[in-house]
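Here is a friendly walk through one protein structure, with an eye on its charged pairs and a few of its helices. Please have a look at the sequence and the model first.

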Amino acid sequence: MDLTLQLCPSPDLIGCYAQQDWDSTLVVITDVFRASATILSALYHGAIEVQPVATVEESLQHQNDPDYLVAAERNARRVEGATLGNDPEEYTRDRVEGKRVVLTTTNGTRALHLAQEAGAKHIAVGTFGNISCLSDYILREKFKSVLVVAAGWKGQLAGEDCLFAGALLHHIGERNVDAKGINDALLMAEISFQKYKDDLLSFINRVEHYARLEQLGYLPTIAVCLEQDRYPILPLFDLERQTLLPLQ
């Protein structure tokens, strides 16, 4: 199987990849701390869908709709007026089952919208919590290329997102698939993952976003976001409905 796997280290750089054959490319949005895990948790615990929106104002429009839960975060904090923030452990079954979640975050939902604007036709959300589901889907659907878009922090590179891209490359390699066309960004991410795969925290505790989460008291969430296959579900973006739905 021929598979090209690359890393876009910031959503602001996705225009550099616009020459992709979008019909045969899967774009994987990853925001390890914390939007990817939040989306996975919501769908895993029974939410009907997660509708990513660009602005806080769009999310708050659903405040009085009993079928929706408003989830909004900026600068790692829950937005005033939102029912939920961007912490996967908030999304328990008794809160989200049977609900539609409208979500906006500082980086993750922004990355998804930028990918769509660039022309991506197949978009999934991936992180450590669903790495096996994601790998299985990539190989089963026989995509010619996979582009991991690291959500980063306000356009800047985030080490944890790039580390996940290295983990995905390693995970696919364990399935006896030799990915081709690896770009330099992914090469460096893979080297980092290979070095720290047995102790991810020794890498993570040096990244910038670790310090932000520590300051806000969110360190327990880091272990949740790094746990492999915690949420065995794959969110796919429905272009027509503009929402994330679990793979059936």
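The report below takes up salt bridges, then helices.

This is a predicted model, in which local features need pLDDT of at least 70 and side-chain atom pairs count only at pLDDT 80 or more, while totals for chains, interfaces and linings use all residues. Residues are numbered from 1 along each chain as its sequence is written, and side-chain values use heavy atoms, with hydrogens and water left out.

**Salt bridges**

Searching the whole structure turns up twelve salt bridges (a side-chain nitrogen of Lys or Arg within 4 Å of a carboxyl oxygen of Asp or Glu). Three of the pairs are set out here.

| Pair | Closest N to O |
|---|---|
| Lys-121 and Asp-23 | 2.9 Å |
| Glu-89 and Arg-230 | 4.0 Å |
| Lys-180 and Asp-178 | 3.2 Å |

Let us start with the bridge between Lys-121 and Asp-23. Lys-121 sits in the loop between helix H4 (108–118) and strand S7 (123–125), and Asp-23 in the loop between strands S1 (4–8) and S2 (25–30), so this pair ties together parts that are 98 residues apart in sequence. Helices (H or I, at least four residues) and strands (E, at least two) are DSSP runs, numbered from the N terminus. Lys-121 is partly exposed, at 42% relative accessible area; buried means under 20%, exposed over 50%, and partly exposed in between (1.4 Å probe, protein chains only).

Next comes the salt bridge of Glu-89 with Arg-230. Glu-89 is in the loop between strand S5 (77–78) and helix H3 (93–96), and Arg-230 in the loop between helix H10 (219–226) and strand S9 (235–238), so the pair links parts that are 141 residues apart in sequence. Glu-89 is partly exposed at 43%, and Arg-230 is also partly exposed, at 27%.

In the bridge between Lys-180 and Asp-178, Lys-180 is partly exposed with a relative accessible area of 41%, whereas Asp-178 is exposed at 51%. Elsewhere, Glu-49, Arg-100 and Arg-241 are joined into one network by salt bridges that share partners.

**Two helices**

How many of the ten residues of helix H1 (residues 35–44) are buried? Nine are, and the helix is mostly covered. Among them are Ala-35, Ile-39, Leu-40 and Leu-43. Just after H1, Gly-46 adopts a positive phi of about 105 degrees.

Helix H6 (residues 159–173) is mostly covered too, with 14 of its 15 residues buried. Its end C-alpha atoms are 21 Å apart, which agrees with the 21 Å that its 15 residues should span at 1.5 Å a residue (the expected span is 1.5 Å times one less than the number of residues).
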